[in-house]
Amino acid sequence: MGKFFALLARIWEVLVRRVDSYLMAAALAIVGIGLITLFSASDQNISRVTSQVMSLGFALLLMWIVANIQPRQLARAALPLYILGVLLLIAVALGGTVVNGSRRWLNFGFARFQPSELMKIALPLMLAWYFQKHETRVRFRDFILAVALIAAPVWLIKREPDLGTALMIGASGFYVLYLAGLSWKIMLGLLVAAAAAAPLVWPHLHDYQQERILTFLDPARDPLGTGYHSTQASIALGSGGVIGKGWLNGTQTHLDFLPERHTDFIFAVFGEEFGLIGSALLLVLYLLLIGRAFVITMNASTLFARLTAGAITLMFFSYAFVNMAMVSGLLPIVGVPLPLISFGGTALVSLFIGLGILMSVQANRKLVKT
Amino acid sequence: MRRLFTNRDRPSTISGPELRDPQRELLHFRRRLLIAGAMVIVAFGGLLGRFVYLQLFQHSHYQTLAESNRIAIVPIVPNRGVMTDRNGVVLAQSYSAYTLEVTPSRVKNLDETIDGLATIVEVQARDRKRFKRLLEESKNFESLPLRTRLSDEEVARFAVNRYRFPGVEIKARLFRQYPFGEVASHVTGYISRINDKDVERIDAWNETANYKGSDYIGKVGVELAYERDLHGTTGWEEVEVDAGGRAVRTLSRTPPISGNNLKLALDIRLQQAAEQAFGDRRGALVAIEPATGDVLAFVSKPGFDPNLFVDGIDPTNWELLNESPDKPLLNRPLRGAYPPGSTIKPFLALAALTSGKRTAAQTIFDPGFYQIAGAAHRFRDDKPGGHGYVDMTKSIVVSCDTYYYMLAGETDIDDTHAFLSQFSFGRKTGIDVEGELLGVLPSRAWKRERFKDKWYLGDSISAGIGQGYNAFTPVQQAQAISIIANDGVALAPHLVKSIENVKDGSVRQIALQSTQALHVKPEHLAVIKNALVGVPREGTSAQAFVGTKYVSAGKTGTSQVYSLKGEKYSKQVDERLRDHAWYVAYAPADKPRIAIAVLVENGGFGAQAAAPIARAIFDYYLLGQKPRAPAVPGTGPREPEDESD
């Protein structure tokens with residue numbers, strides 16, 4: 001008997017050895033909230049929840065594997081992963097599956113896969129690896145190359161079209177540059193350039209993207225058309241009040257007024273049923289997760305680890321912020337899911353891989369002396 | 001080469017390969033990370049602020065919006081009251097049927113949707129046309145019927161395909177039905193969809209809320225006049241709806257209160273007999289129970305089928321009705337004014353007795369014409385050579401024109417006007433439906449107003465035999481003869497006898513309304529009534545009343561449409577230029593149960609065309625004998641007649 005328990009304890013130790021308990025606890029709490037909300041958003045149809053739980057199992061497995069890989073090895077994988085990601089994006093452009101008018105998916109017969117999700121991880125890894133490699137000298141051509149590395153996948157994803165993801169991946173690349181020490185002047189210059197380019201970019205946006213931005217500026221413009229999502233989400237949140245309408249009792253949700261309520265607008269479901277208390281609690285959980293990730297980044301041992309961990313941390317933040325800001329009407333509607341909560345297996349897997357990388361960095365913090 | 005990445009806050013001018021300071025670099029990285037961290041805090045703080053704003057400060061606003069999203073107040077249309085005749089036979093009722101309704105605001109492509117629906121249920125071209133018209137008239141949040149009266153099979157077929165048609169629904173609606181069709185159509189009138197003018201009417205009643213769910217309103221006849229009794233009180237249902245507008249569950253319900261049921265004074269079998277007696281003749285008939293003012297029959301020929309109007313009449317039928325030269329939509333008893341012809345004579349005789357211008361026994365000599373002193377024109381009597389010596393009774397029985405030319409020559413038109421007004425000539429009788437025409441009872445003031453001219457003696461002479469400016473409606477004629485029959489007591493004629501409140505079962509009788517007391521002496525009235533009995537017995541209508549088992553009283557009349565200038569009628573005279581035939585009568589003479597006025601348009605002499613219809617009515621009403629065939633010949637060419645009335 002004792003031996004058996006010893007074995008169990010040994011297995012447990014192997015399982016948790018490189019798993020960061022703080023990160024894990026915060027992530028699982030958020031996932032738990034997500035499953036509960038998903039059950040409500042699916043009108044108590046358990047099959048969506050089961051599907052999400054299965055994705056979660058797979059995601060946890062991958063997280064564990066990644067957490068057990070040394071950051072050095074991750075760095076070696078950066079270039080191949082990035083190349084693979086770009087190739088897959090090209091494959092999508094050539095023969096991807098069209099869903100809702102966007103060509104975002106690759107169909108492998110047994111499973112569908114969004115290569116843009118791979119890019120979320122591969123791009124920061126790639127850039128971090130590049131800056132680590134050129135740690136001693138970072139010159140203008142390096143910067144140009146970094147911008148090119150960012151621009152290629154961003155352009156491919158933007159033309160799917162998936163503006164939200166393209167912007168988020170562009171942001172993740174930018175985070176690496178920022179953390180690597182890109183001068184403020186250049187960042188300011190980029191900002192000015194972006195503002196100046198806006199009128200030039202505008203005609204190249206899709207009609208629906210232009211609509212979204214116009215609607216954001218004036219939601220009353222077309223309350224039944226493009227403004228509908230935003231208006232109904234605000235109504236859901238606002239009518240939830242402080243304590244919410246209670247689980248499974250959201251009228252906006254259950255009477256079909258809320259669109260996209262499993263995916264991009266799931267926060268409106270949560271906010272309607274759990275109110276301000278719930279919303280604030282979720283913010284706190286995200287803050288704990290991100291805070292822990294910050295600590296891990298702070299203590300990372302190598303430049304590669306720091307840049308990767310920092311970019312992943314800020315990505316988590318960006319996704320959570322942009323989604324909640326969009327649902328609550330602070331930002332225009334861009335298709336960005338709420339991390340760990342929105343329904344969708346691929347996103348869950350890539351997020352947990354990100355967590356696995358953070359855990360790997362944390363486990364290796366003292367292995368290399370700075 | 002420019003340095004793009006700084007290792008320090010201070011810009012450095014050192015170029016080229018540089019020795020790195022890992023410690024300092026780490027510090028630098030951490031500073032950047034802290035800045036990012038601060039941004040995270042600020043951003044999440046912003047989110048929290050937004051949540052507090054939405055969920056705390058704006059909560060009640062959004063709560064209201066969510067509730068109005070979720071809760072719809074659905075009016076429940078009350079059952080419209082039933083109309084029956086005096087014996088309880090149903091004249092108008094409502095029944096429930098399924099309609100296919102489209103809410104245009106929720107349909108993306110109307111034409112496509114309608115095409116799709118046409119593959120499931122029958123949608124004819126006229127349904128589309130009607131729908132298009134409704135669409136133009138409506139505010140677009142309403143649901144509009146595309147098809148009415150769906151069969152059970154069609155309902156089932158749509159139910160299966162319903163998911164394909166958002167914004168299209170099957171609804172159970174109440175429809176109005178008039179079982180007798182054309183018979184009594186001008187009495188019941190009809191209901192039809194509410195238009196802008198009706199909305200103004202409803203607003204004026206302060207009934208806007210009560211008509212929220214109502215699509216139909218009374219347009220003419222009793223349906224119009226008693227709209228507020230018939231409509232009822234709208235109920236309300238509070239339902240929870242989903243984003244597609246479909247009701248999920250009922251939260252509360254206030255049941256509607258059905259409209260009041262109307263019992264009409266009309267006897268529908270008498271009405272049917274009367275309409276049958278007309279055959280294909282145009283004309284009007286009003287029968288009144290003298291003692292009560294009950295309108296027993298109210299005929300306007302030709303009629304129309306009120307059922308056509310309920311769903312909104314289609315353009316083809318509308319054109320047929322509206323442009324027919326027979327004017328089936330004209331309510332002749334109420335809105336047709338015709339010269340009374342000789343039917344005015346008993347009333348003028350009564351006026352002469354009352355004023356003392358004549359006594360009953362006083363005789364005049366009729367040479368066959370009348371001449372105004374000093375003028376060349378001869379006012380001719382119908383009988384060539386004249387009636388010889390004529391007293392008042394004979395003047396009515398044989399309808400002697402010369403007697404009345406003379407009388408008119410001696411009487412001031414304003415005195416005549418004042419006296420005849422008592423019989424509601426030139427005034428409203430007060431019948432309980434809208435649109436009653438005044439007709440013309442001429443006077444000096446009237447002529448001044450109408451023609452800006454003074455009154456001439458010749459005007460009086462023409463008016464003296466009911467021609468000239470005189471124009472009375474059949475309702476006025478029936479009312480006048482009914483006043484005589486009722487010994488001078490005038491009661492307002494009414495189509496509705498009692499009103500039943502469905503909710504509490506109480507019945508309100510329409511009170512008898514005496515309109516005006518007649519200032520005549522009974523002995524004078526007796527002279528007139530006696531003379532009127534002579535008309536069907538031995539006078540102008542004797543032929544029509546041969547062998548009756550009751551004693552009736554009546555007076556023929558012929559109103560000129562076209563002056564023949566002394567020529568005889570012939571087959572060549574266009575049917576529509578022939579004279580209108582009148583007969584006013586009551587029976588039994590001693591205790592009248594029914595008083596009627598019959599008008600046959602272009603019927604020729606009253607004795608020939610109108611009196612037989614009166615006979616048929618009396619035979620049916622008093623003896624229960626059903627008329628076998630039309631009581632008058634049809635509208636075809638007829639033989640010349642030289643009989644006088």
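This is a short tour of a two-chain model, one selection at a time. The model is predicted, so keep confidence in mind as you go.

**Stop 1: the whole complex**

Colour everything by confidence. The predictor gives the complex an ipTM of 0.93 and a pTM of 0.68. Chain A averages a pLDDT of 87, and 94% of its residues score at least 70. Chain B averages 85, with 91% of the residues scoring at least 70.

Now select residues 7–19 of chain B, where the pLDDT is below 50. Beyond near neighbours in sequence, this stretch has eight contacts in the model. Residues 637–644 of chain B also have a pLDDT below 50, and that stretch has 16 contacts beyond near neighbours in sequence.

**Stop 2: chain A by itself**

Hide chain B for a moment. Chain A has 14 helices and three strands. Of its 370 residues, 48% count as buried. Take the contacts between residues at least 6 apart in sequence: 71% of them join residues at least 24 apart.

Which helix of chain A has the lowest confidence, and which the highest? Select residues 207–217 of chain A, helix H9, for the lowest, at a mean of 73. Then select residues 266–298, helix H12, for the highest, at 96.

Next, zoom in on Glu160(A) and Pro161(A), which are joined by a cis peptide bond with omega of about 5 degrees. Pro161(A) lies in the loop between H6 and H7 of chain A. Most peptide bonds are trans, so this kind of bond is worth a look.

**Stop 3: where the chains meet**

Bring chain B back. Here, 47 residues of chain A are in contact with 43 residues of chain B. On the chain A side, the elements that give two or more residues include H6 (140–158), H7 (163–179) and H13 (303–327). The largest share, 11 residues, comes from H12(A). Colour this side of chain A by residue type and you will find 26 nonpolar, 17 polar and four charged residues.

**Stop 4: chain B and its cores**

Hide chain A this time. Chain B has 23 helices and 23 strands. Of its 645 residues, 42% count as buried. Among its contacts with a separation of 6 or more, 75% come from residues 24 or more positions apart.

Select Ile596(B) and Ile617(B). Of the 120 residues in the largest nonpolar core, these two touch the most other members. Helix H23 (residues 611–623) of chain B gives the most to this core, with eight residues. The core draws at least three residues from each of domain 1 (72–264) and domain 2 (269–318 + 331–623) of chain B.

What is Ile596(B) in contact with, leaving aside its neighbours within four places in sequence? Its partners include Leu285(B), Val286(B), Ala478(B), Ala614(B) and Ile617(B). Apart from this core lies another, of 116 residues, among them Ala236(A), Ile266(A), Phe316(A) and Val336(A). Show chain A again to see those four.

For a contrast, select residues 196–205 of chain B. This is helix H7(B), which is hardly covered: one of its 10 residues is buried. Asn206(B) follows H7(B) and has a positive phi, near 65 degrees.

**Stop 5: three strands of chain B**

Select S1 (71–76) and S8 (235–241) of chain B, which pair in the antiparallel sense over six bridges. Look for Ile73(B), which stands opposite Glu238(B) in S8(B).

Now add S9 (247–254), which pairs with S8(B), also in the antiparallel sense and over six bridges. In this pair, Glu237(B) stands opposite Arg253(B). The hairpin of S8(B) and S9(B) has five residues between the strands, and there Gly245(B) takes a positive phi near 85 degrees.

**Stop 6: some loops of chain B**

Most residues other than glycine have a negative phi. Arg149(B), however, has a positive phi near 50 degrees. You will find Arg149(B) in the loop between S4 (144–147) and H5 (152–161) of chain B. Is Arg149(B) buried or partly exposed? Arg149(B) is partly exposed, because 14 other C-beta atoms lie within 10 Å.

Asp487(B) has a positive phi too, near 55 degrees, and sits in the loop between H20 (474–485) and S17 (489–491) of chain B. With 15 other C-beta atoms within 10 Å, Asp487(B) is partly exposed.

Finish at Lys301(B) and Pro302(B), joined by a cis peptide bond with omega of about -5 degrees. Pro302(B) lies in the loop between S12 (294–301) and H11 (307–310) of chain B.

Technical notes: Residues numbered from 1 in each chain as written. Chains lettered and ligands numbered in written order. Predicted model: local features only at pLDDT ≥ 70, side-chain atom pairs only at ≥ 80, totals over all residues. pLDDT = per-residue confidence, 0-100. Helix = DSSP H or I, 4+ residues; strand = E, 2+ residues; numbered from the N terminus. Contact = placed C-beta atoms within 7 Å. Nonpolar A, V, L, I, M, F, W, Y, C, P; charged D, E, K, R; others polar. Buried ≥ 20, exposed ≤ 12 C-beta atoms within 10 Å, placed from the backbone. Core = buried A, V, L, I, M, F, W, Y, C linked by C-beta atoms within 7 Å. Domains from an automatic or database assignment. Pairing = 2+ DSSP bridges.
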